[in-house]
Amino acid sequence: MRLKDADSYNFPLAPSLQQPIPSEAITSDASSDVTITGKIYTRVRLATKSDLSHIYRLFYQIHEYHNYTHLYKATESSLANLLFKENPLPLFYGPSVLLLEVSPTPFKEAKNEEFNPVLTTFDLKFPVVEGQVEEFRSKYDDKSDAYIAGYAFFYANYSCFYDKPGFYFESLYFRESYRKLGMGKLLFGTVASIAANNGFVSVEGIIAVWNKKSYDFYINMGVEIFDEFRYGKLHGENLQKYAHNKDKNDEGNQV
């Protein structure tokens with residue numbers, strides 16, 4: 001749960017590494033900017049396969065935000081295999097992405113879906129500029145003035161302490177124009193509501209203690225911090241050492 005990403009508070013980790021930007025990361029034409037004033041309408045909904053290009057861009061952007069683009073290995077094809085399998089797990093048990101869309105005009109109510117979208121209105125204290133209109137225009141329905149602002153990524157996890165699964169909250173991210181508007185509370189709160197309403201016992205993950213604004217955000221949302229535990233990760237070369245150990249293990253068992 002990269003809780004460090006709440007509302008995308010900008011605390012860079014290290015100097016940027018010069019990395020090539022994927023061909024999918026197209027720059028926007030400033031002449032097509034859309035400025036939203038007064039009120040901004042939002043819709044939180046479950047991502048569909050039509051959102052693949054947007055998810056790919058957003059995942060790239062969060063790596064770029066943390067100067068981790070050199071670690072970004074995903075493609076639209078690999079994301080399709082991860083998020084939209086032909087034989088999916090039950091709803092919310094597999095990798096799940098909620099998208100938060102914004103619009104200068106109201107969204108229509110939608111019902112009888114797997115997950116009914118959450119509609120909210122925010123009063124703006126200052127104008128918000130959508131500078132990547134074509135890159136992030138929603139493809140979900142026929143509403144042409146809806147834009148993808150951010151996402152939450154989570155999936156079911158399991159523990160021997162509980163008899164039911166919880167959620168592992170992997171990351172939450174907003175594009176720069178939509179930060180510090182209070183939308184982080186809406187998106188994280190929606191994930192928590194899904195968990196509470198569907199029998200999941202927790203929402204948990206990693207909290208970066210160096211990011212005070214983000215840390216405080218999650219504390220205020222009711223997240224409990226367990227300081228006695230530390231995050232561990234076996235990966236890269238250290239993981240690959242275990243890839244071809246069968247023969248060695250068999251020999252060891254004979255000793």
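## Helix α3

Let's start with the residues that α3 keeps buried: Met183, Gly184, Leu186, Leu187, Phe188, Thr190, Val191, Ile194 and Ala195. Keep in mind that this is a predicted model.

The helix itself covers residues 183-197, which makes 15 residues. From first C-alpha to last, α3 reaches 21 Å, close to the 21 Å expected at 1.5 Å a residue. Just after α3 you'll meet glycine 199, which takes a positive phi of about 80°.

## A patch on the surface

Over on the surface, Leu89, Tyr93 and Tyr158 make a nonpolar patch of about 360 Å². To find tyrosine 93, look in the loop between α2 (76-83) and β3 (96-103). Tyrosine 93 counts as partly exposed because its relative accessibility is 31%, and partly exposed is the range between buried, under 20%, and exposed, over 50%.

## The cavity

How many cavities of 30 Å³ or more does a search of the whole structure find? There's one. The largest cavity holds about 50 Å³ of space.

Tyr158, already met in the nonpolar patch, is one of the residues lining the largest cavity. The rest of that lining is Asn157, Ser159, Tyr162, Lys164, Pro165, Gly166, Val201, Ser202 and Glu204.

## The second largest pocket

Now for an open space: the second largest pocket has about 480 Å³. Its lining takes in 23 residues, and those nearest the centre are Leu46, Leu83, Pro88, Leu91 and Pro95. The elements giving two or more residues to this lining are β2 (39-46), α2 and β3.

How values were computed. Residues are numbered from 1 along each chain as its sequence is written. This is a predicted model: local features need pLDDT of at least 70, side-chain atom pairs count only at pLDDT 80 or more; totals for chains, interfaces and linings use all residues. Side-chain values use heavy atoms; hydrogens and water are left out. Patches are made of residues with over 30% relative accessible area and no salt bridge: like charges are joined within 9 Å, nonpolar side chains (Val, Leu, Ile, Met, Phe, Trp, Tyr) within 5 Å. Accessible areas come from the Shrake-Rupley method with a 1.4 Å probe; for residues, only the protein chains shown count as cover. A salt bridge is a side-chain nitrogen of Lys or Arg within 4 Å of a carboxyl oxygen of Asp or Glu. Helices (H or I, at least four residues) and strands (E, at least two) are DSSP runs, numbered from the N terminus. Buried means under 20% relative accessible area, exposed over 50%, partly exposed in between (1.4 Å probe, protein chains only). The expected span of a helix is 1.5 Å times one less than its number of residues. On a 1 Å grid over the protein atoms alone, a cavity is a set of points where a 1.4 Å probe fits but cannot get out, and a pocket is an open set with protein on both sides within 12 Å along at least five of seven lines; lining residues have an atom within 4 Å of a point. Grid points are joined across faces, edges and corners, and a volume is the space filled by probe spheres set on the points.
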